[in-house]
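Q: I'm trying to learn how the labels on a structure are earned. Please take me through this one, with the cut-offs as we go.

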Amino acid sequence: MKKFGLFLLLFLLACAFSACKGDDTTDVKLEIEDIVLTKGEETEIDYRITPEGTFGVVSFEIISGSEFIAITGTTLRALEVGTAQVKATAVNMKGAKKTFSTGTTFTVTVEPITSAEGEFILNGGFEFGLLEWSIVSNPANYSYGTTVVDNTPHSGEAALNLWFDADGDEKGEALDLTLSQTLSGLENKTYLFSLWFKGAITSVTMKVKAGEEVLSSGEFSGYDYKPVADHSGYVHYGIEVTLSGRTSVTVEIKLTGDPECWGYVDDVSFKEGSLDDLEKAPETPEAGHLN
Ligand SMILES: [Ca+2]
């Protein structure tokens, strides 16, 4: 009888063990690879719960470097250059037969915005929103974005969008916007400051300054121009500047327009070169085209 009792106990223990194993908590794994982003970028956190067919609810906790990133749901945003550690936890869905709780940690590295070799402007293509640009709008509360709605950017997926509707009447407001960026590491060379524009505004004014001193400037039409073929309707505007004894300048773009104006600026560039490097539409007898 005693022996039978022991068997029963072992049997029950075995059952409990296998039941526990059947339920299984130990074989569920959460896998997330380390992530590298550029400052200003946003991505969905890609995770995998195994075995295949296991569903879970995943949550995240930034355990270090919370000043560098932000996580909302599964959306990860890179705020500042640095490294963050994130703890992720997956638990079974509510009411699921199989219960589990599993976790992992991963690293998010935020890298600085860089530009192509020889290019001094950072984020000239507006692919990282308005980062790196100083922007002054009049009125100051008009906040221009970089979403390209129904027109194509010159390159990438974004451009500076000059259409801003402050009062919700679906019409753009009058435009008075200045953007600038201070560049350093320059040499005694001739540089081309250029941008791609399309739209219907009044004017595009470009300046290269050293403090308040204007080293070079040019004003271009915001509506009367001839786009360059195969450039999505954009025109290439630019000014050149020859530097002597200066390693740093500020480049400035001022954009003005009447109510209901619209336009895009993309691929702003400052690099060694001259006006000869501007891409121009072929000369035609058509009057009124400035480019
Ligand atoms: Ca772009």
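A: Asp-267 sits in strand 18, and a strand is a DSSP run of E with at least two residues, while a helix is a run of H or I with at least four, both numbered from the N terminus. Phi of Asp-267 is near 50°, a positive value in a residue other than glycine. Most residues other than glycine have a negative phi. This is a predicted model, where local features need pLDDT of at least 70, side-chain atom pairs count only at pLDDT 80 or more, and totals for chains, interfaces and linings use all residues. Residues are numbered from 1 along each chain as its sequence is written, and side-chain values use heavy atoms, with hydrogens and water left out.

Q: What makes Glu-260 count as exposed?
A: Its relative accessibility is 54%. Buried means under 20% relative accessible area, exposed over 50%, and partly exposed in between (1.4 Å probe, protein chains only), so Glu-260 counts as exposed. Glu-260 is in the loop between strand 17 and strand 18, and its phi is positive too, near 75°.

Q: Why is Ser-216 called buried?
A: Its relative accessible area is 12%, and that's under 20%, so the label fits. Ser-216 belongs to strand 15 (residues 213-221).

Q: What does the side chain of Ser-216 have 2.8 Å away from one of its polar atoms?
A: The backbone oxygen of Glu-240. A polar contact is a pair of N or O atoms within 3.5 Å; within protein, one must be able to donate a hydrogen and the other to accept it, and residues adjacent in sequence count only if both atoms are side-chain atoms. Contact in general means heavy atoms within 4.5 Å, and beyond four places in sequence Ser-216 has contacts that include Met-206, Val-208 and Ile-239.

Q: Which residues coordinate the calcium ion?
A: Gly-125, Glu-127, Ser-155, Ala-158 and Asp-266 do, at 2.3 to 2.7 Å, with Asp-266 listed for two OD atoms. Donors are N, O and S atoms within 2.8 Å of the metal (3.2 Å for Na, K and Ca); water is not among the atoms, so sites may look incomplete.

Q: Why is the arrangement around the calcium ion irregular?
A: The 6 donor atoms subtend angles of 50 to 162°. Six donors count as octahedral if opposite ones are over 155 degrees apart and all others between 65 and 115; four are square planar by those rules, or tetrahedral if all angles lie between 85 and 135 degrees; anything else is irregular. An angle of 50° misses the octahedral ranges, so irregular it is.

Q: Gly-125 and Ser-155: buried or partly exposed?
A: Gly-125 is buried at 15%, whereas Ser-155 is partly exposed at 31%.

Q: Which residues touch the most other members of the largest nonpolar core?
A: Phe-193, Phe-197, Val-204, Leu-255 and Phe-270, out of 36 residues. A nonpolar core is a set of buried Ala, Val, Leu, Ile, Met, Phe, Trp, Tyr and Cys residues joined through side-chain atoms within 4.5 Å. A second, separate core of 21 residues includes Val-58 and Phe-106.

Q: How confident is the predictor, going by the average pLDDT of the protein chain?
A: The average is 90, and 87% of the residues score at least 70; pLDDT is the predictor's confidence in each residue, from 0 to 100. Over residues 8-23 the pLDDT is below 50. Where pLDDT is low, the predicted coordinates should not be read in detail.
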